[in-house]
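Trainee: I should like a close look at a single part of this model, followed outward into its surroundings. Please describe how that part is covered, what it pairs with and which ring contacts it takes part in.

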Amino acid sequence: MKALGISTSPRLKGNSDLLLRRALEGAESAGAQTEYIRLADLDIAPCNECNNCCKAGDCTLEDDYQPLIEKILNADLLIFATPIFFMTVCSQAKILIDRCQCFWVRKYVLKKPLPESLPPHRRAMVIAVGATKGKKMFDSVRLTMKYFLNALDITPAANLFVNQIDDLGQIQKHPTALDEAFRLAQNIADPNNPPPQKTIDIELTHKETQK
Ligand SMILES: Cc1cc2nc3c(=O)[nH]c(=O)nc-3n(C[C@H](O)[C@H](O)[C@H](O)COP(=O)(O)O)c2cc1C
(Lines give C-alpha, C1' and ligand atoms only; values in the text may rest on other atoms or scores of the structure.)
Protein backbone atom coordinates (compact mmCIF):
# COMPACT_ATOMS: atom_id res chain seq x y z
CA MET A 1 0.00 0.00 0.00
CA LYS A 2 1.44 3.35 -1.08
CA ALA A 3 0.06 6.42 0.74
CA LEU A 4 0.69 9.83 -0.77
CA GLY A 5 0.06 12.93 1.33
CA ILE A 6 -0.43 16.26 -0.44
CA SER A 7 -0.26 19.35 1.71
CA THR A 8 -1.76 22.33 -0.08
CA SER A 9 -1.56 24.99 2.64
CA PRO A 10 0.80 27.85 1.83
CA ARG A 11 1.74 27.81 5.54
CA LEU A 12 4.63 25.57 6.51
CA LYS A 13 3.50 23.36 9.42
CA GLY A 14 0.02 24.86 9.16
CA ASN A 15 -2.92 23.18 10.83
CA SER A 16 -3.99 21.06 7.87
CA ASP A 17 -0.36 20.16 7.28
CA LEU A 18 0.06 18.89 10.86
CA LEU A 19 -3.08 16.80 10.51
CA LEU A 20 -1.78 15.39 7.25
CA ARG A 21 1.57 14.46 8.79
CA ARG A 22 -0.24 12.66 11.61
CA ALA A 23 -2.50 10.88 9.11
CA LEU A 24 0.58 9.69 7.22
CA GLU A 25 1.91 8.28 10.51
CA GLY A 26 -1.39 6.45 10.89
CA ALA A 27 -1.10 5.02 7.38
CA GLU A 28 2.48 3.98 8.09
CA SER A 29 1.40 2.20 11.25
CA ALA A 30 -0.94 0.12 9.05
CA GLY A 31 2.05 -0.90 6.92
CA ALA A 32 1.82 1.71 4.18
CA GLN A 33 4.85 3.15 2.46
CA THR A 34 4.30 6.91 2.73
CA GLU A 35 5.35 9.98 0.79
CA TYR A 36 4.71 13.61 1.71
CA ILE A 37 4.51 16.39 -0.88
CA ARG A 38 4.04 20.08 -0.22
CA LEU A 39 2.38 21.84 -3.16
CA ALA A 40 4.15 25.10 -2.30
CA ASP A 41 7.44 23.40 -3.25
CA LEU A 42 6.18 22.69 -6.76
CA ASP A 43 5.68 24.83 -9.78
CA ILE A 44 2.18 24.16 -11.12
CA ALA A 45 0.47 26.70 -13.34
CA PRO A 46 -3.30 27.17 -13.37
CA CYS A 47 -5.37 25.64 -16.16
CA ASN A 48 -5.31 28.09 -19.07
CA GLU A 49 -8.38 26.57 -20.69
CA CYS A 50 -6.53 25.80 -23.90
CA ASN A 51 -8.80 22.74 -24.22
CA ASN A 52 -5.95 20.71 -25.69
CA CYS A 53 -7.05 17.98 -23.28
CA CYS A 54 -10.18 17.55 -25.38
CA LYS A 55 -8.05 15.84 -28.07
CA ALA A 56 -6.36 13.03 -26.15
CA GLY A 57 -7.32 13.57 -22.53
CA ASP A 58 -3.89 14.77 -21.46
CA CYS A 59 -2.81 18.14 -20.11
CA THR A 60 -0.26 19.66 -22.46
CA LEU A 61 0.95 22.41 -20.11
CA GLU A 62 4.30 21.10 -18.93
CA ASP A 63 5.48 21.73 -15.38
CA ASP A 64 5.56 19.85 -12.06
CA TYR A 65 1.99 18.69 -12.63
CA GLN A 66 3.06 15.72 -14.77
CA PRO A 67 5.30 13.98 -12.19
CA LEU A 68 2.79 14.79 -9.44
CA ILE A 69 -0.20 13.34 -11.25
CA GLU A 70 1.77 10.14 -11.90
CA LYS A 71 2.28 9.81 -8.14
CA ILE A 72 -1.38 10.58 -7.44
CA LEU A 73 -2.57 7.96 -9.92
CA ASN A 74 -0.22 5.34 -8.58
CA ALA A 75 -1.02 5.86 -4.91
CA ASP A 76 -3.31 3.36 -3.21
CA LEU A 77 -4.21 6.03 -0.70
CA LEU A 78 -4.21 9.76 -1.38
CA ILE A 79 -4.42 12.03 1.66
CA PHE A 80 -5.23 15.56 0.55
CA ALA A 81 -5.11 18.39 3.08
CA THR A 82 -6.37 21.94 2.62
CA PRO A 83 -7.18 24.97 4.74
CA ILE A 84 -10.58 26.55 4.16
CA PHE A 85 -10.14 29.75 2.17
CA PHE A 86 -13.37 31.65 1.45
CA MET A 87 -15.45 28.59 2.22
CA THR A 88 -13.62 26.24 -0.12
CA VAL A 89 -10.22 24.68 -0.83
CA CYS A 90 -7.25 27.06 -0.94
CA SER A 91 -6.17 28.39 -4.32
CA GLN A 92 -3.04 26.22 -4.36
CA ALA A 93 -5.25 23.13 -4.09
CA LYS A 94 -7.68 24.45 -6.68
CA ILE A 95 -4.90 24.98 -9.21
CA LEU A 96 -4.00 21.31 -9.01
CA ILE A 97 -7.66 20.27 -9.13
CA ASP A 98 -8.34 22.37 -12.23
CA ARG A 99 -5.36 20.87 -14.02
CA CYS A 100 -7.13 17.53 -13.66
CA GLN A 101 -9.91 18.67 -15.99
CA CYS A 102 -8.21 16.40 -18.55
CA PHE A 103 -9.38 13.41 -16.46
CA TRP A 104 -12.95 14.65 -16.53
CA VAL A 105 -12.63 14.97 -20.32
CA ARG A 106 -11.15 11.48 -20.59
CA LYS A 107 -13.90 9.94 -18.53
CA TYR A 108 -17.00 11.79 -19.70
CA VAL A 109 -16.18 13.08 -23.18
CA LEU A 110 -13.59 10.75 -24.69
CA LYS A 111 -14.76 7.70 -22.68
CA LYS A 112 -11.14 6.66 -22.39
CA PRO A 113 -10.58 4.57 -19.26
CA LEU A 114 -7.51 4.96 -17.07
CA PRO A 115 -4.79 2.31 -17.59
CA GLU A 116 -5.64 -1.04 -15.98
CA SER A 117 -2.13 -1.16 -14.59
CA LEU A 118 -3.07 1.41 -11.92
CA PRO A 119 -3.60 0.04 -8.40
CA PRO A 120 -7.15 -1.22 -7.85
CA HIS A 121 -9.29 0.24 -5.04
CA ARG A 122 -7.55 3.62 -4.98
CA ARG A 123 -8.97 5.64 -2.15
CA ALA A 124 -8.65 9.09 -0.62
CA MET A 125 -8.90 10.87 2.66
CA VAL A 126 -9.61 14.60 2.64
CA ILE A 127 -8.53 16.86 5.50
CA ALA A 128 -9.77 20.45 5.84
CA VAL A 129 -9.39 23.01 8.61
CA GLY A 130 -11.15 26.35 9.01
CA ALA A 131 -11.24 29.14 11.56
CA THR A 132 -14.95 29.69 11.92
CA LYS A 133 -17.91 27.45 12.56
CA GLY A 134 -21.12 26.97 10.68
CA LYS A 135 -23.19 24.18 9.24
CA LYS A 136 -22.11 24.81 5.67
CA MET A 137 -18.44 25.59 6.06
CA PHE A 138 -17.20 22.30 4.56
CA ASP A 139 -19.97 21.82 1.96
CA SER A 140 -17.96 23.31 -0.84
CA VAL A 141 -14.88 21.19 -0.05
CA ARG A 142 -17.04 18.08 0.08
CA LEU A 143 -18.46 18.82 -3.36
CA THR A 144 -15.26 19.91 -5.08
CA MET A 145 -13.29 16.97 -3.71
CA LYS A 146 -16.05 14.52 -4.61
CA TYR A 147 -15.99 15.60 -8.25
CA PHE A 148 -12.20 15.84 -8.37
CA LEU A 149 -11.77 12.31 -7.00
CA ASN A 150 -14.50 10.98 -9.24
CA ALA A 151 -12.66 12.27 -12.32
CA LEU A 152 -9.60 10.34 -11.17
CA ASP A 153 -11.60 7.20 -10.28
CA ILE A 154 -10.51 7.47 -6.67
CA THR A 155 -13.00 6.40 -3.98
CA PRO A 156 -13.59 9.16 -1.41
CA ALA A 157 -13.04 6.99 1.66
CA ALA A 158 -12.94 9.57 4.43
CA ASN A 159 -13.26 13.24 5.25
CA LEU A 160 -11.83 14.81 8.37
CA PHE A 161 -12.93 18.40 8.85
CA VAL A 162 -12.04 20.56 11.83
CA ASN A 163 -13.48 23.97 12.57
CA GLN A 164 -12.53 26.84 14.91
CA ILE A 165 -8.82 26.42 14.30
CA ASP A 166 -6.98 29.49 13.08
CA ASP A 167 -3.54 30.31 14.46
CA LEU A 168 -0.44 28.53 13.21
CA GLY A 169 -0.11 25.22 15.06
CA GLN A 170 -3.35 25.69 16.99
CA ILE A 171 -4.47 22.23 15.93
CA GLN A 172 -1.97 20.82 18.43
CA LYS A 173 -4.19 22.06 21.22
CA HIS A 174 -7.28 20.36 19.83
CA PRO A 175 -8.27 17.52 22.15
CA THR A 176 -8.96 14.87 19.49
CA ALA A 177 -8.17 16.03 15.94
CA LEU A 178 -4.63 14.67 15.59
CA ASP A 179 -5.61 11.30 17.07
CA GLU A 180 -8.58 11.19 14.75
CA ALA A 181 -6.33 11.87 11.72
CA PHE A 182 -4.03 9.01 12.78
CA ARG A 183 -6.88 6.59 13.45
CA LEU A 184 -8.83 7.34 10.26
CA ALA A 185 -5.79 7.01 8.01
CA GLN A 186 -4.73 3.83 9.82
CA ASN A 187 -8.17 2.41 9.19
CA ILE A 188 -8.41 3.22 5.49
CA ALA A 189 -4.78 2.28 4.80
CA ASP A 190 -5.37 -1.24 6.01
CA PRO A 191 -5.15 -3.39 2.86
CA ASN A 192 -7.51 -5.88 4.52
CA ASN A 193 -10.23 -3.22 4.63
CA PRO A 194 -11.84 -2.42 1.26
CA PRO A 195 -12.63 1.28 0.81
CA PRO A 196 -15.91 2.03 2.60
CA GLN A 197 -19.04 2.07 0.41
CA LYS A 198 -20.05 5.39 1.93
CA THR A 199 -17.55 8.14 2.70
CA ILE A 200 -16.71 8.30 6.40
CA ASP A 201 -17.43 11.94 7.19
CA ILE A 202 -16.08 13.31 10.44
CA GLU A 203 -16.55 16.94 11.32
CA LEU A 204 -14.99 17.95 14.60
CA THR A 205 -16.39 20.93 16.37
CA HIS A 206 -14.85 22.28 19.47
CA LYS A 207 -16.87 24.79 21.40
CA GLU A 208 -14.13 26.93 22.87
CA THR A 209 -11.51 28.44 20.63
CA GLN A 210 -8.22 26.85 21.53
CA LYS A 211 -6.17 30.01 21.76
C1 LIG B 1 -7.19 33.81 2.47
C2 LIG B 1 -7.83 33.16 3.65
C3 LIG B 1 -9.18 32.86 3.61
C4 LIG B 1 -9.79 32.23 4.68
N5 LIG B 1 -11.11 31.92 4.59
C6 LIG B 1 -11.72 31.25 5.59
C7 LIG B 1 -13.09 30.90 5.51
O8 LIG B 1 -13.79 31.17 4.54
N9 LIG B 1 -13.65 30.22 6.54
C10 LIG B 1 -12.93 29.88 7.65
O11 LIG B 1 -13.49 29.25 8.55
N12 LIG B 1 -11.59 30.19 7.75
C13 LIG B 1 -10.98 30.85 6.76
N14 LIG B 1 -9.64 31.17 6.85
C15 LIG B 1 -8.87 30.73 8.02
C16 LIG B 1 -8.08 29.44 7.78
O17 LIG B 1 -8.92 28.42 7.25
C18 LIG B 1 -7.49 28.93 9.10
O19 LIG B 1 -6.56 29.87 9.58
C20 LIG B 1 -6.85 27.56 9.00
O21 LIG B 1 -6.49 27.11 10.29
C22 LIG B 1 -5.61 27.60 8.12
O23 LIG B 1 -5.13 26.30 7.93
P24 LIG B 1 -3.58 26.04 7.61
O25 LIG B 1 -2.82 26.42 8.85
O26 LIG B 1 -3.53 24.58 7.32
O27 LIG B 1 -3.22 26.86 6.43
C28 LIG B 1 -9.03 31.85 5.82
C29 LIG B 1 -7.66 32.20 5.87
C30 LIG B 1 -7.07 32.85 4.81
C31 LIG B 1 -5.61 33.18 4.87
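Mentor: A residue is called buried at under 20% relative accessible area, exposed at over 50% and partly exposed in between, for a 1.4 Å probe and protein chains only. By that criterion Phe80 is buried, at 1% relative accessibility, and I take this residue as the starting point. The model is predicted, so local features require pLDDT of at least 70 and side-chain atom pairs count only at pLDDT 80 or more, while totals for chains, interfaces and linings use all residues. Numbering starts from 1 along each chain as its sequence is written, and side-chain values rest on heavy atoms, with hydrogens and water left out.

Phe80 belongs to strand S3, which spans residues 77–83. Here helices (H or I, at least four residues) and strands (E, at least two) are DSSP runs numbered from the N terminus. All seven residues of S3 are buried, and the strand is mostly covered. In a regular strand, side chains alternate between the two faces of the sheet. In S3 both faces are covered: Leu78, Phe80 and Thr82 are buried on one side, and Leu77, Ile79, Ala81 and Pro83 on the other.

The strand partners come next; two strands pair if DSSP finds at least two bridges between them. S3 pairs with strand S1 (residues 2–7) in the parallel sense over five bridges. Within that pairing Phe80 is the bridge partner of Ile6, and Leu4 stands opposite Leu78. S3 also pairs with S4 in the parallel sense, over seven bridges. There Phe80 stands opposite Val126, and Thr82 stands opposite Ala128.

Beyond S1, the chain of pairings continues. S1 and strand S2 (residues 33–38) pair in the parallel sense over six bridges, with Ile37 as the bridge partner of Ile6 in S2. Five of the six residues of S1 are buried, so this strand is largely enclosed by the rest of the structure. Helix H1 (residues 15–29) joins S1 and S2 in a right-handed β-α-β unit, where right-handed means that, with the strands pointing away from the viewer, the path from the first strand over the helix to the second runs clockwise.

On the S4 side, seven of the seven residues of that strand (residues 123–129) are buried, so S4 is largely enclosed by the rest of the structure. Its two faces are both covered, with Arg123, Met125, Ile127 and Val129 buried on one side and Ala124, Val126 and Ala128 on the other. S4 pairs in the parallel sense with strand S5 (residues 155–162) over seven bridges, and Asn159 is the bridge partner of Val126 in S5. S4, helix H6 (residues 139–151) and S5 make up a right-handed β-α-β unit.

Phe80 also leads to H6 through its ring. The structure holds three aromatic pairs; rings of Phe, Tyr and Trp (its six-membered ring) pair if their centres lie within 6.5 Å, and planes under 30 degrees apart count as stacked, over 60 as edge-to-face and the rest as tilted. The rings of Phe80 and Phe148 have centres 5.8 Å apart and planes at 55 degrees, so the pair is tilted. It links distant parts of the chain, from Phe80 in S3 to Phe148 in H6, 68 residues apart. Phe148 is buried as well, at 4% relative accessibility.

Another aromatic pair, Phe138 with Phe161, is stacked, with 4.7 Å between centres and 10 degrees between planes. Phe138 lies in the loop between S4 and H6, whereas Phe161 is in S5, 23 residues apart. Both rings belong to buried residues.

Phe138 leads in turn to Asn163, since contact means heavy atoms within 4.5 Å. Asn163, in the loop between S5 and helix H7 (177–188), is buried at 2% relative accessible area. Leaving aside neighbours within four places in sequence, Asn163 is in contact with Gly130, Thr132, Lys133, Met137, Phe138, Leu204, Thr205 and His206.
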